[in-house]
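Biologist: I should like to understand how this chain is packed. May we go through the model together?

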Amino acid sequence: TGADFQHCDVSNPDDWHEVLKTLESLGRPDRIALNAGIQIAPPDAPLSEYQFEAMTVERYRRMMGVNVDGVVFGLKALLPRMREQGGGITATASIAGLGPLPFDPLYGTTKHAVVGLVRAVAAANEGSGLRINCICPGGVDTAIIPDALKAGGFNAMAPSVMAAEVVDLLTEGPNGEIRVKLAADQ
């Protein structure tokens, strides 16, 4: 695709400093998608490992780091560089950020946090020319979907469907929009 790759652990503020150095050489970004996420257990774990009672502190902290801190540190790094000239930032949450996810309640907790953060930061930046919004997909066919759900016939959208929705939000979505995308046609 001609794209450059740079490793970034989104939960590490030092990695965001390295991303900013790269961005300085490329120019000011005008569209950014913050799209990193993991669940409380690895995909090959049985669904019982996703339950609240099965949580380990290590898994919890890693998930909070990726799912919440990644958005917090990304916004902290990018807002000052994008606010003056405008643009769009879209954070990926989940339908689990708007309602319960009984099989992985802590994942749902992180996505509720992302929705709340985006709403607040968008309101705080109203009128700046910078649009900050959030996409809340239903299931997307990615590596974080538990194998047990896939084996049970879980129907997930193709990543290309979500990519198109994110591009639309980045270019057309109003500031503060929380968009739900349940399926390719919903």
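The questions and answers below concern the nonpolar core, a pair of helices and two single residues.

Modeller: This is a predicted model, in which local features need pLDDT of at least 70 and side-chain atom pairs count only at pLDDT 80 or more, while totals for chains, interfaces and linings use all residues. Residues are numbered from 1 along each chain as its sequence is written, and side-chain values use heavy atoms, with hydrogens and water left out.

Biologist: Which element gives the most to the largest nonpolar core?

Modeller: A nonpolar core is a set of buried Ala, Val, Leu, Ile, Met, Phe, Trp, Tyr and Cys residues joined through side-chain atoms within 4.5 Å; buried means under 20% relative accessible area, exposed over 50%, and partly exposed in between (1.4 Å probe, protein chains only). The largest core has 27 residues, and Leu34, Leu75, Leu78, Ile89, Ile132 and Cys134 have the most contacts inside it. Among the elements that give two or more residues to this core are helix H1 (13-26), strand E2 (87-92) and helix H3 (105-124); helices (H or I, at least four residues) and strands (E, at least two) are DSSP runs, numbered from the N terminus. The most, seven residues, comes from H2.

Biologist: Are H2 and H3 roughly parallel or roughly antiparallel?

Modeller: Axes are lines fitted to C-alpha atoms, for helices over the stretch in contact, and angles run from 0 to 180 degrees between N-to-C directions. The axes of H2 and H3 lie 9 Å apart, at an angle of about 15°. Angles under 35 degrees count as roughly parallel, over 145 as roughly antiparallel, 65 to 115 as roughly perpendicular and the rest as oblique. H2 and H3 are therefore roughly parallel.

Biologist: Is Asp15 buried or exposed?

Modeller: Asp15 belongs to helix H1. Apart from neighbours within four places in sequence, Asp15 is in contact (heavy atoms within 4.5 Å) with His7, Cys8 and Asp9. Because its relative accessibility is 17%, Asp15 counts as buried.

Biologist: What separates the C-alpha atoms of Ala33 and Leu170?

Modeller: Ala33 is in strand E1 and, at 43% relative accessibility, counts as partly exposed. Leaving aside neighbours within four places in sequence, Ala33 touches Thr90, Val166 and Leu170. Ala33 and Leu170 are 137 residues apart along the chain, and their C-alpha atoms are separated by 7.8 Å.
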